[in-house]
Amino acid sequence: MRLTSVAQMALPGGSMRSYAVAVAPERGAQLPVSFDQGRHVVRGARAGSWMAVAVRLPGPVADERLEAAWLAVVARHSTLRTVFSPAPDGSGGVGVRLHEVVVAPGRWVEHEVPGGRDPRDVLREVLDAACSPYEAPSYRLVVVTPDGAAPDGAAPDHRPAVVIASDHAHVDMWSLMVLVRDLVTCLDDLAAGRGPGADLPPAHAFAEHTALLETMPPTPALVRRRWTEILRDSGDIMPTFPLPLGDLSTPYPEVVVVRDVLDTGQVARLEVWGRAHRVRLLAMAAAVMTRVTMTQSGEPLRIVFPVHSRFDPQWHGAVGWFITNSVLECTDDDPINCATSVAEAIELGSHPLAPVMAPYGGMPERPGMFALSWLDKRRMPVSVAAELELQYVSAVIRTDGVMVWFVVNETGLHLRCRYPDTPQAHASVGGWL
């Protein structure tokens, strides 16, 4: 597993083609739009709003079989049969609508990769154009068939690379894992003469989850009060990086740092200590980040902390944006206290954000936002074989914030960080990392 970007991912040279389903122009039933989907989509068409996953299949697969498997996956997940459109919000502004659509078999498109050109650049162009919020569909299946070239003495690697990419409004990182699992399962079924995905568990619709959140009881007063305190301590905005980042009046090209932090043995030794003190790896990582943040800035660790809302097992195999923002605030570097702070952050993110953020006119953000994402792949109920060489792939964008991702898997603890390419950010974020 690699945590990477489209500019740094491993991608073989060869022929590239993509598959897009056909979407009927008629719009079906209108569906509820989640708070986070609305925030994302209302910003409109833009490059780099997508996220992707890449794998290497065990061997060549005919286009017809790959298409049949992918259509079975699309049929399983209703969010892949919906499209967004802009609409008046009733107050003179622009809002967002989501509608069901009818999806049919589409077509393969060849993408020329001129000699000497990096195939990752071509892939980026394809996904930037296709996987934008208002595209129909706003996702693509891309296949790279290796050209057979290999270093001297090495056997050629003919395994095709498959990239599944979607505008973020329809997926999160967990969802990408589900899509890979389902695609591989459907391919195996077709090879064995079985119906594709017949034995997979039912996949519930993300729109059902959104509707369920809208019926939840009012947010407890204690949670609202804590949100108010945290935002007040950040200047009535979501937390920002506590060290200089330079002039962020306009976004800058991104800097992406990818690191292997701990190997499997190091993670295991750290977790032995954690079990003895009843704290998990995340709390120990938060303790280290708190100590560094306080040492360098004199401020506690206060960071936007996405948490998932797959609160019931029925959502474990579903595809959608099951992520909402919370805030992790650690005021000292004791791992046990940080564990308490993590639990509080999860609780803050367990209630619908729309009513909490209404007094601020939506989520209050400004340039410099500081965010942390944590995914322990070992704890996920959905898995993908290591032989597929899975890569989580982010887009290349211009940015005005600092985003840190941690992924824990069978090979250890891995980090990816994105920050603006300014001299001040190089010094501040580089030193913090």
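Two strands are taken to pair if DSSP finds at least two bridges between them, and the elements themselves are DSSP runs numbered from the N terminus, with helices being H or I of at least four residues and strands being E of at least two. The structure is a predicted model, in which local features need pLDDT of at least 70 and side-chain atom pairs count only at pLDDT 80 or more, while totals for chains, interfaces and linings use all residues. Residues are numbered from 1 along each chain as its sequence is written, and side-chain values use heavy atoms, with hydrogens and water left out.

A convenient place to start is the sheet of three strands. Strand β3 is joined to strand β6 (residues 94–100) by 2 bridges, and the two run antiparallel; here L31 stands opposite L98 in β6. The whole sheet is open, has antiparallel pairing and follows the order β3-β6-β5. Its edge strands, each pairing on one side only, are β3 (30–31) and β5 (82–88).

The other sheet to describe is an open one of 7 strands with mixed pairing, in the order β1-β14-β4-β9-β8-β2-β7. At its edges lie β1 (2–5) and β7 (103–111), each of which pairs on one side only. On average, and with direction ignored, neighbouring strands of this sheet are turned by 20° against each other; axes are lines fitted to C-alpha atoms, for helices over the stretch in contact, and angles run from 0 to 180 degrees between N-to-C directions. Within the sheet, strands β4 (residues 50–56) and β14 (residues 391–394) run antiparallel and share 4 bridges, with M51 opposite S394 in β14.

Two helices pack on this sheet, contact meaning heavy atoms within 4.5 Å. Helix α2 (residues 63–76) touches β2 (14–23), β7, β8 (139–146) and β9 (161–167), and its direction makes about 135° with that of β7. Helix α4 (residues 173–191) touches β1, β4, β8, β9 and β14, its direction making about 35° with that of β4.

Turning to empty space, the second largest pocket holds about 370 Å³. A pocket is an open set of points on a 1 Å grid over the protein atoms alone, where a 1.4 Å probe fits, with protein on both sides within 12 Å along at least five of seven lines; lining residues have an atom within 4 Å of a point. Of the 17 lining residues, V261, A285, V288, M289 and F406 are the closest to the pocket's centre. Helix α8 gives the most to the lining, with 6 residues.

Technical notes
Grid points are joined across faces, edges and corners, and a volume is the space filled by probe spheres set on the points.
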